[in-house]
Amino acid sequence: MTEPETIGVGLVSVGWMGRLHSRAYRALPDHFPELGVRPRLVVAADPVPEARDQAVGRLGYERAVADFHEVLADPAVDVVSICSPNFLHREMAVAAAEAGKPFWIEKPMGRYASDSRAIHEAVERAGIVTSVGFNYRHAPAIQRARDLVRSGRLGRITNVRGSLLADYSSDPAAPLTWRFERERAGSGVLGDLLSHGLDLAQYLVGRIASVTALAETFIETRPKPGAGIVDRSAAATGEHGAVENEDYAALLFRFEGGAVGTMDSSRVMRGPHAEYTLEVYGTRGSVRWDFQRLNELEVALDGQEVDGYVTHLVAPGDGHFARFQPGAGTAMGYDDLKTIEAAQFVASVLRGEQLAPSVADGLAAASIVEAAEASLVDGAWHDVARVDGRLTTDAAAPVL
């Protein structure tokens, strides 16, 4: 029996997403045994002492440090996960590329398209493979939807409709953390939520070529946080400060192939928790998906027995569902999507081939946001800058 290959993991930032990345790596031998790898959690970096203690005591890292540069300098680290706040992404990702370390980075990849371009250029110079956290791509229902779209089963695609509605910032008493600051977060829901939906739209249908947008900030001020507060759940002071980015945004866009689309997003909705939906309409049928019903796809096709939508429960044969559950009706979860993401990243590293969503894909989504923000200034339609690089939106689903 062949011994599994050890792959050394370094983590930057031990928050919720850092913990999730760590669990995803640990799950690989169980769900993707053919990769032949045994992840070794080598070192985690976080400036907060309690987070470093958690990295070792709870997550299983061999050691923890305060400075992320120590992660990049460690010869035992083969891959790096970057799960830090947005305003740190550019510095960390460029440094990882210059150190020759393949990295898996959460989105938005940068605060602005300029950050994302700098990361993309550094990666292209280094010639490393990467992964960007577009995890919704990996839902088996999305894989089935993509098969229907790309095979022509829906006919000519006419329009796409998406919506990403959340309530995580709906409390006006929640503190004014970095997420509401232009300098540290960049945009609001445009980068944080809509980048996911725009990537999904391009993954299913094709490149978005032009866009026009509107945006609004409904909660204009928030109480300033106490010293050292970085998350939205912590206590705030009585003094208020201005919210500098948008609570809500809506886009109209045109695909390169002639289809049109609409998409909107909010972080202050009362009611929806994580209502992320995508609908694709064609001349012979349509599909509808809601993240809150992750394992279902509504399908309407010419010639099917039922006139209207039929609910397809994902099952073995849809994406990587069979790696997690034996049959339809037994649900996969969000963490499973990140395990698939980890598998694509590690397979990319092992093969030296870009299989996972790439920094080029991250830049492509950021370029749509950039065009949308230009539209917010003048109200006009703006062309989306074309991205050269290792895009995976049109590639076949990788065989792992």
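Start with the largest pocket of this predicted model: it holds about 1,400 Å³ of space. To get to the middle of it, select Trp16, Met17, Cys83, Trp178 and Arg179, which are the closest to its centre out of 44 lining residues.

Now colour by secondary structure. The elements that each put two or more residues into this lining are α1, α4 (86-98), α8 (189-204) and β13 (274-282). Which of the elements gives the most? Select α4, with its five lining residues. If you then colour the lining of the largest pocket by residue class, you should count 26 nonpolar, 10 charged and eight polar residues.

Next stop: the second largest pocket, with a volume of about 290 Å³. Pick Gln143, Tyr203, Gln344, Ala397 and Pro398, the closest to the centre of this pocket among the 18 residues that line it. Show α6 (140-150) and α9 (334-351) as well, since these are the elements that supply two or more residues to the lining of the second largest pocket. By class, that lining splits into eight nonpolar, eight polar and two charged residues.

Leave the pockets for now and select residues 8-134. The UniProt annotation for this stretch, from an unreviewed entry, reads "domain: Gfo/Idh/MocA-like oxidoreductase N-terminal". In cartoon view, 47% of the stretch 8-134 is helix and 21% is strand. Put a distance label between the C-alpha atoms at its two ends and you should read 23 Å.

Two backbone details are left to look at. A bit of background for both: most residues other than glycine have a negative phi, and most peptide bonds are trans.

Zoom in on Ser13, in the loop between β1 (5-12) and α1 (16-31). What is the sign of phi at Ser13? Phi is positive there, about 90°, although Ser13 is not a glycine. Switch on a surface and ask whether Ser13 is buried or exposed. Ser13 counts as buried because its relative accessible area is 15%, and the cut-off for buried is under 20%.

For the last stop, go to the loop between β5 (103-105) and α5 (113-126) and select Pro108. Add Lys107 to the selection and show the backbone as sticks: the peptide bond that joins Lys107 and Pro108 is cis, with omega at about -5°.

Methods:
Residues numbered from 1 in each chain as written. Predicted model: local features only at pLDDT ≥ 70, side-chain atom pairs only at ≥ 80, totals over all residues. Heavy atoms only, no water. UniProt positions renumbered as here; feature names shortened; annotations may be inferred. Helix = DSSP H or I, 4+ residues; strand = E, 2+ residues; numbered from the N terminus. Buried < 20%, exposed > 50% of the residue type's maximum accessible area, 1.4 Å probe, protein only. 1 Å grid on protein atoms, 1.4 Å probe; cavity = no way out; pocket = protein on both sides within 12 Å on 5 of 7 lines; lining within 4 Å. Points joined across faces, edges and corners; volume = space filled by probe spheres on them. Nonpolar A, V, L, I, M, F, W, Y, C, P; charged D, E, K, R; others polar.
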